[in-house]
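Me: I would like to go through this structure by asking, for each descriptive term, what justifies its use. Please set the values against the criteria as we go.

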Amino acid sequence: MAITNGNSIDHTTAKNRVVYSSFNLWSGILFGIGFAAFIDEAVFHQILHWHHFYDKSTTDIGLVSDGIFHAFSWFATVGSLFMYANLRRRKGLWPKRWIGGAFLGAGAFQLYDGLIQHKLMKLHQIRYGVDIFMYDLVWNIIALVFMAIGIYLLMKTRKTSNKIKTER
Amino acid sequence: MEHSGHAEQSAIMLLYMILLLTGWVLYVTGVFISNKKRRAWPWHRTALWSMGILCMAFALTSPLAIQSHSNFVAHMVAHLLLGMLAPLLMVLSAPMTLLLRTLNVASARNLTRLLKSRFFLFLSHPVTAVILNIGGLYLLYTTNLYQAMHDSQLVGVIIHAHLFLAGYLFTAAIIYIDPVPHRFSPLYRAILLTLALAGHGILSKYIYAHPPAGVPRQEAEAGGMLMYYGGDAVDLMLIVILCHQWYKASRPRLAEECGNQVN
């Protein structure tokens, strides 16, 4: 059972949110990275079969980058959820900041995947046998939009956090 | 020639069967001895050990084992069972704890002294374990060792033993079930697990693109993908267990930490 506090719970939560502010941010970012990688794998590799497991033009560095990002995102998905549980356990979960982090993480991963891995390292393309330009454009614009939403939410929560800090 | 190779193979399978059966009997005997002296050994640990032995038996002594000599996909199934799944199941069954419970105090002390020895510390260091595990796989699939494994039964036995032992060492270095003389922080182990998983994934795609000598392209592609996703599946279990241990270890210990009076 959680330990309950007699007086104003909202005040406690607000304070805890400030204390665990960066923990919220990082849990969200890691979840975003993991979630984007999971969607990439589940939807684009397995369901649509647009992405290929390996592409003859894949560079060696692309293979290494893919391996590291794949492993990291796999760990990040699980780790971030345990971090989320830890925040709830410590009554420090700040949903808005967490979601902001998740948007930023997902957008950043998607942008890295779209620009560096697909284009520079030629790991694989979004889809084969089509004019790829529009696909690339939409892919990377979505990434930027995600990042913008994330940054907006993070800035808003940061303002709140500064306000609470000065009140104390 | 063909015939003697076959007889040799049967003899080795018989040897594997005897070893595995001995391993199972020893564990169960240990459980009986331990249960007489102390509180009951959790039955799920016995079940985990048994499943681990079964995985090894499937990889080493079943029709799959015979197929794996000529078929790379079958070889990869055996590889995942022997090098990843069986070690995980067996680490979870806490055999060292059981052994320490079974031994008398003097022998148990000698055993812990051995486990604390410099050699053993070196061997069980997470970095050593990762290098032995992933490094061994690179040697196997990127040199002509894979070919040699099928030409010589002895090389085959050594590689099987290495695959399992390195897998066990690695799993035991990442998740702590048995007593560990020198503990590393969860973050340290998380980083090494991620690096090992990355190394495993990179090698899988490398195999997909560069089939080992004597492996047809189609089999290499299917085997590489199986290694990639099969590795992910077993490593996911490792990640969840490691994170859960981390989560439990970092629980709030003081009332203040539970969220009442944090400042």
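**Terms and their grounds**

Reply: In this predicted model, the contact between the chains takes 27 residues from chain B and 26 residues from chain A. On the side of chain B that touches chain A, α11 (186-209) and α12 (217-249) each supply at least two residues, and α11(B) gives the most, with 10 residues.

Me: What makes residues count as in contact here?

Reply: Two residues are in contact if their C-beta atoms, placed from the backbone, lie within 7 Å, and the 27 residues from chain B and 26 residues from chain A are listed on that basis.

Me: How do the residues of the side of chain B that touches chain A divide by class?

Reply: That side of chain B has 18 nonpolar, 5 polar and 4 charged residues.

Me: Why are α2(A) and α4(A) called oblique to each other?

Reply: Helix α2 (residues 21-47) of chain A packs with helix α4 (residues 95-120) of chain A at an angle of about 40°, and their axes are 6 Å apart. Angles under 35 degrees count as roughly parallel and those of 65 to 115 as roughly perpendicular; the angle of about 40° falls in neither range, and α2(A) and α4(A) are therefore oblique to each other. Their crossing is right-handed, and the contact of α2(A) with α4(A) has 16 nonpolar, 9 polar and 3 charged residues.

Me: What makes α4(B) and α10(B) oblique to each other?

Reply: The axes of helix α4 (residues 72-92) of chain B and helix α10 (residues 153-174) of chain B cross at roughly 40° and come within 8 Å. Set against the limit of 35 degrees for roughly parallel and the range of 65 to 115 for roughly perpendicular, the angle of roughly 40° leaves α4(B) and α10(B) oblique to each other. α4(B) passes α10(B) in a right-handed crossing. Among the residues that make the contact are B:His79, B:Gly83 and B:Pro87 of α4(B), and B:His160, B:Phe164 and B:Tyr168 of α10(B).

Me: How many residues of the contact of α4(B) with α10(B) are charged, and how many are nonpolar or polar?

Reply: The contact of α4(B) with α10(B) divides into 11 nonpolar, 5 polar and no charged residues. Gly counts as polar under this scheme, and B:Gly83 and B:Gly167 of the contact are therefore in the polar class.

Me: On what grounds are parts of chain A labelled "transmembrane region"?

Reply: The label comes from UniProt (unreviewed entry), which covers residues 25-48, 68-87, 99-117 and 137-155 of chain A; such annotations may be inferred rather than shown by experiment. In the model, residues 68-87 of chain A are 100% helix and 0% strand, with end C-alpha atoms 27 Å apart, and residues 99-117 of chain A are also 100% helix and 0% strand, with end C-alpha atoms 25 Å apart.

Me: Where does UniProt place this feature in chain B?

Reply: The unreviewed UniProt entry places "transmembrane region" at several spans of chain B, including residues 12-34 and 153-175. Residues 12-34 of chain B are 100% helix and 0% strand, with end C-alpha atoms 33 Å apart; residues 153-175 of chain B are 96% helix and 0% strand, and their end C-alpha atoms also lie 33 Å apart.

Me: What pattern does chain A follow along the sequence, and what share of its residues count as buried?

Reply: Chain A has 5 helices and 0 strands, in the pattern α-α-α-α-α. A residue is buried if 20 or more other C-beta atoms lie within 10 Å of its own, and 42% of the 168 residues of chain A count as buried.

Terms used: Residues numbered from 1 in each chain as written. Chains lettered and ligands numbered in written order. Predicted model: local features only at pLDDT ≥ 70, side-chain atom pairs only at ≥ 80, totals over all residues. Helix = DSSP H or I, 4+ residues; strand = E, 2+ residues; numbered from the N terminus. Buried ≥ 20, exposed ≤ 12 C-beta atoms within 10 Å, placed from the backbone. Axes fitted to C-alpha atoms, helices over the stretch in contact; angles between N-to-C directions. Parallel < 35°, antiparallel > 145°, perpendicular 65-115°, else oblique. Left-handed = near helix turned anticlockwise from the far one by under 90°.
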